[in-house]
Amino acid sequence: MHQFKDKIAKLGSKADAFASPLGLLSYPVLMTADIMMYNATHVPVGEDQIQHVEVARDIIDHFNRKYNVHFNLPEPEVFVGRRIMSLSDGKKKMSKSSQTQFSNISIIDPPERIQECIKRAKTDCLQGLSLDKDARPEIYNLVSLMAAATNQTLEAVYEQYKDCSMAQFKPQLADALIACLSPIRDKYKELQENQDYVYDLMRQGAEQTKEEAEHRMQLIKTIMGLIVFTVS
């Protein structure tokens, strides 16, 4: 899998592959178990996890043929959105696990941190904005952020701000992100202050899914011979 190879490459050498955590390679198997538990037909994933769904389909198909049953072969339901890159490296995906302090923005970050992250965002020595993703990835990323925050096309953002310097553009980008994320941050705060409501929702969801999950687990174990019924 390409994600496994990417992680191993970051370790420095192929020999280090044996030092990688098992969870990195076995995750698609766990994902398959979750899918089969509810016999899902579609799985919402990002583009970088399509391969995981393909592995899950292969495992389920093998299970169906081996035990002569029919579990659904799930289709990936890919959310189409903008790929937001790191604020410190326009060629890497923004990640909350990044070791660089100001390379990512959380949807619940306070305005002060958003402003600081955008202020410190990497740019280049050239003037103006650009839609050249390969030649100026960091600038393209900031334009993408503005387009996402203001629900505009990349071209519309470029036309509006193409003559701005970074000193002019960055504060406006920070303000747009703060305004865009404010309703999410406010809702998060509201739920944090009403945790009984959140736990009630979690309990209701668990009750609704528990019966189906237990029934299907019983079925799978019986099919595989892990449960043997005896006649007394």
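**Salt bridges and aromatic rings in one chain**

I would like to begin with a single residue, E212, which is partly exposed, with a relative accessible area of 35%. On this scale, buried means under 20% relative accessible area, exposed means over 50%, and partly exposed is what falls in between (1.4 Å probe, protein chains only).

Before going further, please keep in mind that this is a predicted model, in which local features need pLDDT of at least 70 and side-chain atom pairs count only at pLDDT 80 or more, while totals for chains, interfaces and linings use all residues. Residues are numbered from 1 along each chain as its sequence is written, and side-chain values use heavy atoms, with hydrogens and water left out.

E212 has a partner, R216, and the closest N and O atoms of their salt bridge are 3.1 Å apart; the term asks for a side-chain nitrogen of Lys or Arg within 4 Å of a carboxyl oxygen of Asp or Glu. Both residues belong to helix α8, which covers residues 195-223, and they sit four residues apart there, about one turn of the helix. While E212 is partly exposed, R216 counts as buried because its relative accessibility is 15%.

How many salt bridges does the rule give? The count comes to eleven, and I will show two others. In helix α3 (residues 50-67), D61 and R65 are four residues apart, again about one turn of the helix, and their side chains meet with 3.1 Å from N to O. R65 is exposed, because its relative accessible area is 58%, whereas D61, at 30%, is partly exposed. The other pair is K187 and E190, joined at 3.5 Å, N to O, and because these two are three residues apart in helix α7, about one helical turn separates them. K187 is partly exposed at 42% relative accessibility, and E190 is partly exposed too, at 44%.

Helix α7, which spans residues 166-192 and also holds Y188, is home to R185 as well. Is R185 buried or exposed? R185 is buried, yet it has no salt bridge, and the nearest side chain of opposite charge, D186, is 5.0 Å away. (Lys and Arg count as positive, Asp and Glu as negative, and His and the chain ends are not counted.) Leaving aside residues up to four places away in sequence, R185 touches I107, I108, D109, P110, P111, I114 and I178, where a contact means heavy atoms within 4.5 Å.

Turning to the rings, the structure holds three aromatic pairs. Rings of Phe, Tyr and Trp (its six-membered ring) pair if their centres lie within 6.5 Å, with planes under 30 degrees apart called stacked, over 60 edge-to-face, and the rest tilted. F63 and F71 are edge-to-face, at 5.8 Å centre to centre and 75° between the planes, and both of these residues are buried. Y161 and F169 are edge-to-face as well, with 5.3 Å between centres and 70° between planes; Y161 is buried at 9% relative accessible area, and F169 is buried at 0%. Ring pairs also link F63, Y67 and F71 into a cluster.

Finally, let us step back to the whole chain, whose secondary structure comes to eight helices and two strands, running α-α-β-α-β-α-α-α-α-α from the N terminus on. These elements are DSSP runs numbered from the N terminus, helices being H or I with at least four residues and strands E with at least two. Of the 232 residues in the chain, 28% are buried, and among contacts between residues at least 6 apart in sequence, 56% join residues at least 24 apart.
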